[in-house]
Amino acid sequence: MPNEVGDVPPPTMHDYNTGPKGVIADYKEAKEKMIKRLEQERQQKLQIIEQSTFQVKTLKDEEEEKKNQMEDEDDEDFLKKYRQQKMEEFRKQKAQVTQKSNPMFGRLIQLSRADFVSFVEQENHDVLIIIHLHENVEKQDFF
């Protein structure tokens, strides 16, 4: 029989508060559930928005990025060529200045005592003169 003590489910809170207090309790419970559900939905929407904003690029953004990369490459090539050109110009100028200011003859001249002073005084002051003094010795003096 259904009226036996073992067959009847235990009473719940709602069974006892069917009046205004029960309605208020049900309202609070429903409101809490709704707040939790809305918060979960909001969190899910935020996650979707974050994922979509970090992964999606518009066609305009992609074209602009490619254009910037090409400009950077062009700038790098231009700067490299310009740097090489300026270095070459600098080397040429330095070589010209060096040749003008420091003439190099690369020769060996044998001078007498009388010619030595006039030769050294007539030479450009920027020219390095190396002097090798020696005494004439004949071969038979060594053997």
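Ile 131 counts as partly exposed, at 44% relative accessibility, where partly exposed denotes the range between buried (under 20% relative accessible area) and exposed (over 50%), computed with a 1.4 Å probe and protein chains only. The structure is a predicted model, in which local features need pLDDT of at least 70 and side-chain atom pairs count only at pLDDT 80 or more, whereas totals for chains, interfaces and linings use all residues. Residues are numbered from 1 along each chain as its sequence is written, and side-chain values use heavy atoms, with hydrogens and water left out.

The secondary structure of the protein chain consists of 4 helices and 0 strands, the elements running α-α-α-α from the N terminus on; helices (H or I, at least four residues) and strands (E, at least two) are taken as DSSP runs and numbered from the N terminus. Of the 143 residues of the chain, 2% count as buried. The chain exposes about 14,800 Å², of which carbon and sulfur atoms supply 55%, with accessible areas obtained by the Shrake-Rupley method with a 1.4 Å probe and, for residues, only the protein chains shown counting as cover.

Ile 131 lies in the segment after α4 and belongs to a nonpolar surface patch that also includes Ile 109, Leu 111, Phe 116, Val 117, Val 120, Ile 129 and Leu 133, with about 650 Å² of accessible area together. Patches are made of residues with over 30% relative accessible area and no salt bridge, like charges being joined within 9 Å and nonpolar side chains (Val, Leu, Ile, Met, Phe, Trp, Tyr) within 5 Å. Leu 133, placed in the segment after α4 (113-122), is exposed, with a relative accessible area of 75%, whereas Leu 111, in the loop between α3 and α4, is partly exposed at 34%. The C-alpha atoms of Leu 111 and Leu 133, 22 residues apart along the chain, are separated by 10.0 Å, and those of Ile 131 and Ile 109, likewise 22 residues apart, by 9.7 Å. When neighbours within four places in sequence are left aside, Leu 111 is in contact (heavy atoms within 4.5 Å) with Phe 116 and Phe 119.

A search of the whole structure finds 5 salt bridges, each defined by a side-chain nitrogen of Lys or Arg within 4 Å of a carboxyl oxygen of Asp or Glu. In helix α2 (residues 20-55), Lys 33 and Glu 29 lie 4 residues apart, about one turn of the helix, and form a salt bridge in which the closest N and O atoms are 3.5 Å apart. Lys 33 is exposed at 54% relative accessibility, while Glu 29 is partly exposed at 34%. Glu 41 and Arg 37 are joined by a salt bridge of 3.1 Å, N to O, and, being 4 residues apart in helix α2, are separated by about one helical turn. A further salt bridge links Arg 42 to Glu 39, with the closest N and O atoms 3.3 Å apart; these residues are 3 positions apart in helix α2.

The count of aromatic pairs comes to 1, the criterion being that rings of Phe, Tyr and Trp (its six-membered ring) have centres within 6.5 Å, with planes under 30 degrees apart counted as stacked, over 60 as edge-to-face and the rest as tilted. The rings of Phe 78 and Tyr 82 have their centres 6.0 Å apart and their planes at 20°, so the pair is stacked. Both residues lie in helix α3 (residues 59-101), 4 residues apart; Phe 78 is exposed at 53% relative accessibility, and Tyr 82 is partly exposed at 42%.
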